[in-house]
Amino acid sequence: MKLGVSSYSLYQAMQAGSMTILETIDWVAGIGGEHIEIVPLGFSFNDNPELLGQIRERAEEAGIAISNYAIGANFIADSEEAYAAEIERVKREVDHAHALGAKLMRHDVASRPDTSIIRFQEDLPRIADACRQIADYAAEYGITTSLENHGYYVQASDRVQAVVHAVGRANYKTTLDVGNFVCVDENPVVAVKKNIGIASMVHVKDFYLRPEGRNPGEGWFRSAGGGYLRGAIAGQGDLDLREILRIVKQSGYDGYLSIEYEGMEDCRKGTRIAFDNVRRIWDEV
């Protein structure tokens, strides 16, 4: 297992101008991280292509790997032209992953206001076809692509499995976020057990949970079923992270674990504590 950090965890500092994407690499190495996951928020490779080489060089200097490249995408389109254009756009992002030296890449697949299973079943063939085309393109670089369980529409473990199965490519898997299942009111212990076998990457996240009738006020958001959620420092929230990490470890998974912090505390403090907690829990389980 290789423990590291998603740059998304430090977006709060980057957005405030107190940290750059290059400085996050040094910071992650400084807390003992073995890898960094690059999420292009607060910067753009299209606008600043020179960053690709700078990030790769900085990671090499810091002695850490670039594990994964994670972007947004949505293959729900109003026309065939828009659908094809989105596929081509994501292929260009695969080029960015290759330039970074990453062998893993997560791209989103679909978002809709109507998140019903009926609508999902109707959309599944076109979602799968788009992901298949991108996976085939990525295979030329030796890159494994994936979808993450987030965004409500394709978030439940069974829907993730359905997409991975429909794509049917050895280099197409899931970025398994152990916490995100609660956003669709699914037990994360059960969901992680179901999907760890198809994971190319694991995100470690924690949440505070409150029932629908108990509004905690500012800083919380709603699950699909109406419950209240707030990002927590991993190991301090309401998820059974010890059991979740035990399942991941006992599965034989030996890839990248990436801290994804999105709590209300200072992002550097929250990420560092989360990193230390996960490393300690992993050793204990």
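Hi everyone, let's start with a pair of helices: helix 5, residues 117-139, and helix 6, residues 157-167, have axes that come within 9 Å and cross at roughly 40°. Before I go on, please keep in mind that this is a predicted model. Angles under 35 degrees count as roughly parallel, and helix 5 and helix 6 are therefore oblique to each other. As for the hand, helix 5 passes helix 6 in a right-handed crossing.

Let's follow helix 6 to its other partner on my list. The axes of helix 6 and helix 7, which covers residues 188-195, come within 10 Å, and the crossing angle is roughly 15°. Helix 6 and helix 7 are therefore roughly parallel to each other. Their crossing is right-handed.

Now back to helix 5, this time with helix 4. Helix 4 spans residues 80-100, and it packs with helix 5 at an angle of about 30°, the axes being 10 Å apart. What does that make the pair, roughly parallel or oblique? Helix 4 and helix 5 are roughly parallel to each other, therefore, by that same cut-off of 35 degrees. Here, too, you can note a right-handed crossing.

On to the strands. Strands of a sheet pair through backbone hydrogen bonds, either parallel or antiparallel. In this model there is a closed barrel of eight strands, running 1-2-3-4-5-6-7-11, and the pairing is parallel. On average, neighbouring strands of this sheet are turned by 30° against each other, with direction ignored.

Where would I look on the barrel if I had the model open? Try strand 1, residues 2-6, and strand 11, residues 256-259: these two pair in the parallel sense over four bridges. To find the spot, pick Leu3, which stands opposite Leu257 in strand 11.

There is also an open sheet. It has three strands in the order 8-10-9, and here the pairing is antiparallel. Which strands sit at the edges? Those are strand 8, residues 206-210, and strand 9, residues 221-222, and each of them pairs on one side only. Strand 10, residues 228-232, pairs with strand 8 in the antiparallel sense over five bridges. If you want a residue to click on, Phe207 has Gly231 in strand 10 as its bridge partner.

Keep Gly231 in mind while we turn to the pockets. The largest pocket holds about 290 Å³ of space. How many residues line the largest pocket? The lining has 19 residues, and Tyr8, His150, Asn180, Lys205 and Glu262 lie nearest the centre. Sorted by class, that lining has eight nonpolar, five polar and six charged residues.

The second largest pocket has a volume of about 160 Å³. Gly231, from the open sheet, is one of its lining residues. Phe221 lines this pocket as well, and strand 9 covers residues 221-222. Also in the lining are Tyr8 and Glu262, both of which we just met among the residues nearest the centre of the largest pocket.

Which helix gives the largest share of the lining of this second pocket? That would be helix 1, residues 11-16, with three residues. The lining includes Tyr11, Gln12 and Gln15. By class, the second largest pocket is lined by five nonpolar, five polar and one charged residues.

So, to take home: a closed barrel of eight strands with parallel pairing, an open sheet of three strands with antiparallel pairing, and a largest pocket of about 290 Å³. Thanks, everyone!

Key: Residues are numbered from 1 along each chain as its sequence is written. This is a predicted model: local features need pLDDT of at least 70, side-chain atom pairs count only at pLDDT 80 or more; totals for chains, interfaces and linings use all residues. Side-chain values use heavy atoms; hydrogens and water are left out. Two strands pair if DSSP finds at least two bridges between them. On a 1 Å grid over the protein atoms alone, a cavity is a set of points where a 1.4 Å probe fits but cannot get out, and a pocket is an open set with protein on both sides within 12 Å along at least five of seven lines; lining residues have an atom within 4 Å of a point. Grid points are joined across faces, edges and corners, and a volume is the space filled by probe spheres set on the points. Ala, Val, Leu, Ile, Met, Phe, Trp, Tyr, Cys and Pro count as nonpolar, Asp, Glu, Lys and Arg as charged, and the others, Gly among them, as polar. Axes are lines fitted to C-alpha atoms, for helices over the stretch in contact, and angles run from 0 to 180 degrees between N-to-C directions. Angles under 35 degrees count as roughly parallel, over 145 as roughly antiparallel, 65 to 115 as roughly perpendicular and the rest as oblique. A crossing is left-handed if the near helix is turned anticlockwise from the far one by less than a right angle, and right-handed if clockwise.
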